[in-house]
Structure formats: C-alpha cells, structure tokens
Amino acid sequence: MINIRDQFDLPRDQVYLNAAQIGPLPITAARAGQQAYADKLQPWRLTPQTHFFDLPEDVRRQASTLFNTRAENIALVNAASYGLATAAHNLTLKPGDQIVILDGQFPSNVYTWRALARKTGSEVRTARRAEGQTWTEAVLAALTPRTRLVACGALHWIDGGRIDLEAVSDAARTRGAALVLDLTQSLGMMAFDVQRIDPDFAVAAAYKWLLAPYAVGFLYVAPRHQNGQPLEENWINRARSEDFSRLIDYCDSYQPGARRFDMGEHSNHQLMPAALESLQFINDLGVAHIAHLCAQTSQALAESVKPLGFAADTPDRAGHYLSLSLPDAAPDHLAARLRERGVHVSQRGSRLRVSAHVYTDEQDVDVFANTMRALLT
C-alpha cells in the first residue's frame with residue numbers, strides 16, 4: 001500500500017493541520033513546477049501548442065471531473081473572487097431584489113454582492129444560524145418571494161456547518177433565483193455534481209484542499225450563461241487563436257463553452273504543470289476515498305481533545321472540516337502557541353479550525369492531542 005504521507009515533504013516534527021488555509025503541494029507537483037521554471041530559463045523549450053493550449057486543456061479536463069461536468073463548462077481563473085465577479089457581471093437584478101448570503105461568509109463572497117446590490121438597487125439579506133439550527137435551515141428560512149440570488153458554499157468556512165445544496169437549489173429555483181457557489185472549502189473533499197445541484201456559477205480556488213499552486217482556480221459556468229460577457233477581452237479566448245500567424249485577423253467569436261471566461265494568461269506556463277499534477281493526485285485517489293479518510297481523521301482529532309473541553313458542536317458538520325469551540329481554560333493565542341510547538345492550525349474567532357488532509361496519520365493525531373494537553377494542563 002502506498003504511504004500517502006511520503007508523497008509530501010512533511011517532516012515528522014511538524015504536524016500540519018491547516019489545509020483549509022493553504023494546502024501543501026505534493027512532491028510530484030513541486031517537481032513539475034521546478035521543471036517549468038527551468039524551462040523558462042531556456043524559453044525555446046516552450047512549444048506554443050503544448051504550453052499555450054494543450055496543457056491548460058489537460059488541467060481543465062482534470063478540474064471538470066471534480067464538478068462532474070464536461071471540460072467545456074469550466075473556465076480557468078486565478079481566484080474565487082474572479083469567478084464571483086464573473087458571475088456578478090452576468091446576472092441581472094433590479095431594485096428591490098434580494099441577495100441571500102450567510103452570516104460571517106468569507107469576505108470575497110460578501111463584497112462582490114454588496115457591490116452588485118449598490119449597482120442594481122437590490123439588497124443583501126443575511127441568513128443567521130440560531131443555536132442548534134443548521135446552516136441549511138438558516139438559508140431556507142432567509143429566502144423570501146423577493147430572493148433572486150443565493151450566494152453560499154457547501155459549508156461555512158468558520159464552523160464547518162454543511163449546507164444541503166440540493167435543498168437550497170430547489171428552493172432557489174422555485175423563486176426564480178440564481179445560485180452562485182464558492183466551493184473553495186469543499187471541492188475535492190465532498191462529492192459535488194452540477195447535474196444535481198444545477199448552479200448558475202460555481203468557483204473554487206485550488207491552493208487549499210486541492211493542493212495546487214496559489215493563483216489557480218476553476219469556474220463552472222452553466223450552459224445557459226455561456227453566451228455571457230467575460231470580465232476581460234484577451235486574445236487566447238477568441239476563436240482560431242491557435243493560429244499565431246493569423247492573430248491580427250481579428251475574430252469577434254470566442255472559443256467554445258466557458259472558455260470565453262478564462263482569465264488573461266490562463267496558460268500560465270509556471271503554474272499549470274504543478275496544478276495538473278495536483279489535480280491528478282486528487283482524482284487518482286478519488287473524492288469518495290479522500291472524504292472517507294479525512295472524515296475518519298477529523299473524528300479522531302475531535303475525540304482526542306474532547307476530554308479537554310474542546311467540542312465539535314456544529315450541527316450537520318462537514319466530515320472533513322473540524323472547527324472546535326474553545327473551553328474557558330484555553331490560553332490566549334492558542335494557534336500561535338501550537339505553532340511554536342510544530343502543530344499548525346488556524347483560529348477563527350472563538351473556534352479552533354483543525355483541517356487534516358490525506359497525509360495526516362495516527363502519529364499526527366497523537367502529537368496534536370499531547371500538545372493540546374500540555375498547553376491546557
């Protein structure tokens with residue numbers, strides 16, 4: 001059996017439980033990136049067809065597997081905010097319409113909709129979760145006859161509470177509302193199927209759970225929006241751009257599918273090779289297998305510190321996403337103190353976010369528990 005941890009550069013004196021902030025590159029991805037930089041030292045190695053077209057299409061195909069859709073429905077973007085801005089640019093709202101978001105939603109998925117509300121005269125309505133309530137229940141309760149857009153993720157990035165996207169999608173459709181999803185904290189870790197959920201747009205940054213380089217992301221665009229307006233007009237998104245000898249034979253038509261929404265310089269010759277390796281790593285393991293492994297590990301981590309008063313108390317928590325409420329005895333700046341001892345987590349408000357991935361093993365769980373015990377006793 002392959003030791004997954006051996007495929008990462010993770011020293012034994014470091015326990016990395018912070019994939020929700022930034023995921024480590026697999027060693028194969030790092031090597032591919034290093035080779036890409038070596039190629040840039042001698043740019044005659046870069047062949048136009050391979051590096052401008054074939055490589056990004058390979059990445060697009062790997063990403064489409066995670067959405068359960070065709071590659072033609074995926075745009076290559078550099079950030080979740082770029083994908084959300086593209087969605088906002090292609091949705092029509094009018095004065096009095098409502099945009100529903102989550103209380104404490106990630107900022108990029110808030111500022112976009114505030115700006116759209118100001119531009120269109122619509123309003124932002126915030127779904128707030130009462131004690132004991134799930135985020136799904138909170139979202140459904142926030143919908144009104146004036147709801148025309150729901151913007152959320154598959155879980156809440158602070159407490160890990162899951163959102164039933166099928167239920168939210170069904171409720172949005174009955175009101176004629178669009179659905180825009182930020183899947184950065186779930187894609188590759190939870191099964192997702194655009195056929196079942198039918199979002200208008202769904203985006204994910206890849207540098208966290210997908211273990212890819214920074215400034216790589218993927219945007220699903222529903223076919224009904226694929227004649228829309230991209231944020232920028234660049235040469236490579238136009239039809240016939242493969243023929244470098246005819247670039248000034250200007251063309252008003254775009255490449256097919258969602259490719260018109262690709263960011264400028266999406267063929268990034270240094271990032272794409274590493275991104276391809278990262279996506280292949282995720283797809284080779286399979287989302288179902290990854291979800292099973294990470295749910296088991298997260299449960300073990302939660303149980304290991306339960307006697308210390310840390311509670312995984314979020315209703316309907318996503319299996320891979322552990323957010324622990326802090327006991328009164330928890331010291332200030334707990335995440336910083338853990339880091340000093342080689343244990344890496346995040347603190348978000350009154351919660352400790354502990355995000356394991358497939359490389360986390362039983363020894364990591366034991367070190368985490370023992371270090372927490374030492375800090376609290």
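A salt bridge here is a side-chain nitrogen of Lys or Arg within 4 Å of a carboxyl oxygen of Asp or Glu. By that rule, the count for this predicted model comes to 23 salt bridges. As background, side chains of opposite charge can pair when their charged atoms come close.

One of these pairs reaches across the sequence. Asp364 and Arg12 form a salt bridge, with their closest N and O atoms 3.5 Å apart. This pair ties together distant parts of the chain, since Asp364 sits in helix 11 (residues 362-376) and Arg12 in the segment before strand 1 (15-16), 352 residues apart. The two ends sit in different burial classes: Asp364 has a relative accessible area of 2% and so counts as buried, whereas Arg12, at 38%, is partly exposed.

A second pair is a local affair. The side chains of Arg61 and Asp58 meet at 2.2 Å, N to O. Both belong to helix 2 (residues 48-67), and because they are three residues apart there, about one helical turn separates them. Arg61 is partly exposed at 43% relative accessible area, and Asp58 is also partly exposed, at 29%.

Then there is Arg70, which pairs with Glu72 at 3.4 Å between the closest N and O atoms. Glu72 has 29% relative accessibility, so it counts as partly exposed. This pair doesn't stand alone: salt bridges with shared partners join Glu57, Arg60, Arg70, Glu72, Arg259 and Asp262 into one network.

On to the nonpolar side chains. In soluble globular proteins, these tend to be buried together. The largest nonpolar core in the model has 65 residues, and the members touching the most others are Phe67, Val150, Leu165, Leu181, Leu183, Phe192 and Phe218. Helix 8 supplies the largest share of this core, with six residues. Apart from this core lies another, of 26 residues, including Tyr82, Ala88, Val203 and Met263.

Val150 gives a feel for the packing. Leaving aside residues up to four places away in sequence, Val150 touches Val100, Val139, Leu143, Val168, Ala172, Ala178, Leu179 and Val180.

Some nonpolar side chains end up on the outside, though. Trp235, Phe244, Leu247, Ile248 and Tyr250 make up a nonpolar patch on the surface, with about 580 Å² of accessible area together. Within this patch, Phe244 lies in the loop between strand 8 (217-221) and helix 8 (272-285). Phe244 has 36% relative accessibility and therefore counts as partly exposed; patch residues need over 30%.

Definitions and conventions:
Residues numbered from 1 in each chain as written. Predicted model: local features only at pLDDT ≥ 70, side-chain atom pairs only at ≥ 80, totals over all residues. Heavy atoms only, no water. Patch = residues over 30% accessible without salt bridge, like charges linked within 9 Å, V, L, I, M, F, W, Y side chains within 5 Å. Areas by Shrake-Rupley, 256 points an atom, 1.4 Å probe, with all protein chains shown as cover. Helix = DSSP H or I, 4+ residues; strand = E, 2+ residues; numbered from the N terminus. Buried < 20%, exposed > 50% of the residue type's maximum accessible area, 1.4 Å probe, protein only. Core = buried A, V, L, I, M, F, W, Y, C linked by side-chain atoms within 4.5 Å. Contact = heavy atoms within 4.5 Å.
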